[in-house]
Amino acid sequence: MPKKVPKGKKQLLVLIDSKIVKELWEIIKMKYPESTYGALSLEVQDALANWIAQHKAQIHTKSMNPKMPKNHEIAKEIIDYLRSCGFELQVNLKVLRQAIAKFRGNDERTIKKWIKFLEENGFIKKLNPQVYEIL
């Protein structure tokens, strides 16, 4: 290890399985037969850069197609259930409450919370106190 860390570099102390270290040194000796001085740092830096690039690409892909939040999945199930029962455009409050109770429970607070969630997230729209439009 260098006594003084060169400018623009950071020292990193890691614990790696001895088998992997042995294989790494074998590759380094094949790749740099004349001198292995500084080769370990170079190879580890390249390996980490490749790993970072690969994972950034995966993260970017995931953010392009995010998994739907669980509440939205449940809301979609409720709407799909209502549609399967024949309520394509509108649903009355009684049936909406029954559908929510089927998926989330029949506690009054839960039903109110889910009606509010469905409205705020564009799944339903209140037309009058007893009728909701399914969006």
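With which residue does Arg97 form a salt bridge, and how far apart are the closest N and O atoms? In this predicted model, the partner of Arg97 is Glu108, and the closest N and O atoms of the two lie 2.4 Å apart. Arg97 belongs to helix H4 and Glu108 to helix H5, which spans residues 108–120, so the salt bridge ties together parts of the chain that are eleven residues apart in sequence. With a relative accessibility of 25%, Arg97 counts as partly exposed, and Glu108, at 36%, counts as partly exposed too.

To place this pair, it helps to look at the whole chain. The secondary structure of the protein chain consists of five helices and three strands, and someone who reads along the sequence meets them in the pattern α-α-α-β-α-α-β-β. The chain has 135 residues, of which 17% are buried, a residue being called buried when its relative accessible area is under 20%. If we take the contacts in the protein chain with a separation of 6 or more, 42% of them are accounted for by residues that stand 24 or more positions apart. The chain exposes about 11000 Å², and carbon and sulfur atoms supply 58% of that area.

We can turn next to the strands. The three strands form an open sheet in the order E1-E3-E2, with antiparallel pairing. Strand E1 (90–92) and strand E2 stand at the edges, where each has a single partner strand, so one side of each is left without a neighbour in the sheet. From one strand to the next, the twist averages 30°. In general, the strands of a sheet pair through backbone hydrogen bonds, in either a parallel or an antiparallel manner.

The pairings can be followed one at a time. Strand E2, which covers residues 124–128, pairs with strand E3, which covers residues 131–134, in the antiparallel sense over four bridges, and a hairpin of two residues joins E2 to E3. Within this pairing, Lys125 stands opposite Glu133 in E3, while Asn128 stands opposite Val131 in E3. E1 and E3 also pair in the antiparallel sense, over three bridges, and here Gln90 stands opposite Glu133 in E3.

Which residues of E3 lie on its covered face, and which on its uncovered one? Tyr132 and Ile134 make up the covered face, whereas Val131 and Glu133 make up the uncovered face. This can be read together with a general rule, that in a regular strand the side chains alternate between the two faces of the sheet. Helix H4, made of residues 93–104, lies across E1, E2 and E3, and it runs at about 85° to E1. The helix that lies across the three strands is also the one that holds Arg97, the residue with which we began.

A further salt bridge involves Asp107 and Arg109, whose closest N and O atoms are 3.1 Å apart. Asp107 has a relative accessibility of 31% and therefore counts as partly exposed, whereas Arg109, at 65%, counts as exposed. The count of salt bridges in the model comes to five.

Another of these bridges leads us to the helices H1 and H2. The side chains of Glu43 and Lys31 meet in a salt bridge with an N to O distance of 2.9 Å, and this pair links distant parts of the chain, since Glu43 lies in helix H2 and Lys31 in helix H1, twelve residues apart. Is Glu43 buried or exposed? Glu43 counts as buried because its relative accessibility is 12%, while its partner Lys31, at 48%, counts as partly exposed.

The helices H1 and H2 also contribute to a feature of the surface. A nonpolar surface patch of about 860 Å² is made by ten residues named here in full: Leu12, Val14, Ile16, Ile20, Val21, Leu40, Val44, Leu48, Trp51 and Ile52. The elements that give two or more residues to this patch are helix H1 (18–31) and helix H2 (39–64), and H2 gives the most, with five residues. One member of the patch, Leu40, lies in helix H2, and its relative accessibility of 31% is the reason that Leu40 counts as partly exposed.

Note on methods
Residues numbered from 1 in each chain as written. Predicted model: local features only at pLDDT ≥ 70, side-chain atom pairs only at ≥ 80, totals over all residues. Heavy atoms only, no water. Pairing = 2+ DSSP bridges. Axes fitted to C-alpha atoms, helices over the stretch in contact; angles between N-to-C directions. Contact = heavy atoms within 4.5 Å. Patch = residues over 30% accessible without salt bridge, like charges linked within 9 Å, V, L, I, M, F, W, Y side chains within 5 Å. Areas by Shrake-Rupley, 256 points an atom, 1.4 Å probe, with all protein chains shown as cover. Salt bridge = Lys/Arg side-chain N within 4 Å of Asp/Glu carboxyl O. Buried < 20%, exposed > 50% of the residue type's maximum accessible area, 1.4 Å probe, protein only.
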